[in-house]
Amino acid sequence: MDLRCPNCNSNDLKKVSLAYQEGQYRVDTQTRLSGVLVGGGGPDIAVGRATTRGSQQSALSKKLSPPVKWSYLKVISWSALVFLCIGWLVFYVNTVTTNSSSVLSPPMTLFGQVSAGIFVLLLFFIWRHNHSTYRQKYAQWNGSFICERCGAVSRQSLEP
């Protein structure tokens with residue numbers, strides 16, 4: 001199997017997923033400190049402990065990152081926030097203009113129905129992206145290679 005770069009005809013190719021993983025660095029360290037302090041109030045002991053955790057990613061790794069699934073939790077939380085804010089506004093405007101204390105007014109009912117419809121539509125689009133578009137993009141990403149000579153990313157067939 002001879003894989004070649006379509007840009008420079010080099011056979012120095014690396015799988016994109018491997019180049020992505022190589023550009024990710026994780027740090028997890030622990031530090032301990034102990035000592036004796038002598039001051040105006042007399043001797044004292046100091047003891048401390050620290051944990052450092054972090055991650056770092058190269059620019060190439062960021063460029064080669066895999067596609068991501070869309071989050072249901074983000075949509076649910078943002079939808080709840082927007083529904084409560086706009087719903088409160090609709091309720092307030094309705095009660096001020098009609099001097100009514102009724103919660104279930106026609107504008108509020110219409111707003112609730114429209115909001116529920118938009119919410120269901122958003123969930124459908126997320127489901128469709130995660131089960132169709134995401135799978136195609138991930139398969140394309142997983143079958144791609146990067147040329148280590150010119151940096152071109154290409155999709156290669158692994159069949160002989």
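**Exercises on a predicted model**

The axes of helix α3 (residues 72–98) and helix α4 (residues 106–142) cross at roughly 165 degrees and come within 11 Å. The coordinates are those of a predicted model.

**Exercise 1.** Classify the relative direction of α3 and α4, then describe their contact.

*Solution.* Step 1: angles over 145 degrees count as roughly antiparallel. Step 2: the crossing angle is roughly 165 degrees, so α3 is roughly antiparallel to α4. Step 3: the crossing of α3 past α4 is right-handed. Step 4: residues in the contact include Tyr72, Phe83 and Asn94 of α3, and Pro107, Phe119 and His131 of α4. Step 5: sorted by class, this contact of α3 with α4 holds 15 nonpolar, seven polar and no charged residues.

**Exercise 2.** Work out which strands stand at the edges of the open three-stranded sheet, and place α4 against the sheet.

*Solution.* Step 1: the strand order is β1-β4-β5, and the pairing is antiparallel. Step 2: β1 (13–15) and β5 (153–155) each have a single partner strand, so they are the edges, and one side of each lacks a neighbour in the sheet. Step 3: from one strand to the next, the twist averages 35 degrees. Step 4: β4 (residues 144–147) pairs with β5 over three bridges, and serine 144 has arginine 155 of β5 as its bridge partner. Step 5: α4 lies across β1, β4 and β5, at about 40 degrees to β4.

**Exercise 3.** List the side-chain polar contacts of glutamine 24 with tyrosine 20 and arginine 26.

*Solution.* Step 1: glutamine 24 belongs to strand β2 (residues 24–39). Step 2: its side chain makes a polar contact of 2.9 Å with that of tyrosine 20 and one of 3.3 Å with that of arginine 26.

Technical notes: Residues numbered from 1 in each chain as written. Predicted model: local features only at pLDDT ≥ 70, side-chain atom pairs only at ≥ 80, totals over all residues. Heavy atoms only, no water. Axes fitted to C-alpha atoms, helices over the stretch in contact; angles between N-to-C directions. Helix = DSSP H or I, 4+ residues; strand = E, 2+ residues; numbered from the N terminus. Parallel < 35°, antiparallel > 145°, perpendicular 65-115°, else oblique. Left-handed = near helix turned anticlockwise from the far one by under 90°. Contact = heavy atoms within 4.5 Å. Nonpolar A, V, L, I, M, F, W, Y, C, P; charged D, E, K, R; others polar. Polar contact = N/O pair within 3.5 Å; in protein donor to acceptor, adjacent residues only side chain to side chain. Pairing = 2+ DSSP bridges.
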